[in-house]
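Let's take a walk through this chain, from its overall layout down to a few individual side chains. Keep the structure open as you read.

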Amino acid sequence: DSIGYDLYGDGRSRGLTAVVGPALHYGRFVEYGTVRMAASPFMAPAFADEEPRLVEALADAVEGMLGP
């Protein structure tokens with residue numbers, strides 16, 4: 001629940017950009033740690049778990065744009 005995203009662009013003339021990251025300002029400190037706190041990564045493991053689904057979704061989207 002602490003990972004959010006923003007989408008920019010219309011997906012056509014200007015393309016589409018997705019920015020994914022911590023929804024809370026202190027998320028980067030949790031992910032990478034600080035001089036006083038050990039890192040407790042959650043973004044990198046979540047990306048690794050979801051990467052196959054992302055690749056498949058992108059392939060489906062491109063196929064849909066190019067047609068059969």
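Here is a short tour of the fold, the second helix, the charged contact and the nonpolar surface.

## Overall layout

First off, this is a predicted model, so treat what follows as a reading of a prediction. The protein chain has two helices and two strands. Starting at the N terminus, the elements come in the order β-β-α-α.

How does the radius of gyration of the protein chain sit against that of a compact globule of 68 residues? Such a globule would come in near 11 Å, while the protein chain has 16 Å. The C-alpha trace spans about 55 × 25 × 20 Å along its principal axes. As for burial, 7% of the 68 residues count as buried.

## Helix H2 and its kink

Helix H2 covers residues 43-66. With 24 residues, H2 reaches 32 Å from first C-alpha to last, which is close to the 34 Å expected at 1.5 Å a residue. There is a bend to look for, though: H2 has a kink of about 50° at Glu-50, shortly before the proline Pro-52. Once H2 ends, Gly-67 follows with a positive phi, near 85°.

Pro-52 itself belongs to helix H2. Is Pro-52 buried or exposed? It counts as exposed, because its relative accessibility of 54% is over the 50% cut-off. To place Pro-52 against the rest of the chain, try Thr-17: the two sit 35 residues apart along the chain, and their C-alpha atoms are separated by 19 Å.

## The salt bridge

How many salt bridges does the count come to? The answer is one salt bridge. Its partners are Arg-53 and Glu-50, with the closest N and O atoms 3.0 Å apart. That counts because the cut-off for such a pair is within 4 Å.

Both partners lie in helix H2, three residues apart, or about one turn of the helix. An α-helix has 3.6 residues a turn, so residues three or four places apart point the same way. The two ends of the bridge fall into separate exposure classes: Arg-53 has 61% relative accessibility and counts as exposed, whereas Glu-50 has 38% and counts as partly exposed. Glu-50 is also the residue where the kink in H2 lies.

## Arg-12, out in a loop

Now for another arginine. Arg-12 lies in the loop between E1 and strand E2 (17-22). Arg-12 is exposed, with a relative accessible area of 73%. Compared with Arg-53 in position, Arg-12 is 41 residues away in sequence and 23 Å away in space, going C-alpha to C-alpha.

## A nonpolar patch on the surface

Which residues form the nonpolar patch on the surface? They are Ile-3, Tyr-5, Leu-7, Leu-16 and Val-20, and together they have about 540 Å² of accessible area. Strand E1 (residues 3-8) gives the largest share of the patch, three residues.

Ile-3 is one of the patch members, and its place is in strand E1. With a relative accessible area of 37%, Ile-3 is partly exposed. Ile-3 clears the bar for patch membership on accessibility because that bar is set at over 30% and Ile-3 has 37%.

Conventions: Residues are numbered from 1 along each chain as its sequence is written. This is a predicted model: local features need pLDDT of at least 70, side-chain atom pairs count only at pLDDT 80 or more; totals for chains, interfaces and linings use all residues. Side-chain values use heavy atoms; hydrogens and water are left out. A salt bridge is a side-chain nitrogen of Lys or Arg within 4 Å of a carboxyl oxygen of Asp or Glu. Helices (H or I, at least four residues) and strands (E, at least two) are DSSP runs, numbered from the N terminus. Buried means under 20% relative accessible area, exposed over 50%, partly exposed in between (1.4 Å probe, protein chains only). Patches are made of residues with over 30% relative accessible area and no salt bridge: like charges are joined within 9 Å, nonpolar side chains (Val, Leu, Ile, Met, Phe, Trp, Tyr) within 5 Å. Accessible areas come from the Shrake-Rupley method with a 1.4 Å probe; for residues, only the protein chains shown count as cover. The expected span of a helix is 1.5 Å times one less than its number of residues. The bend at a residue is the angle between axes fitted to the seven residues ending there and the seven starting there. The radius of gyration is taken over C-alpha atoms; the globule rule is 2.2 Å times the number of residues to the power 0.38.
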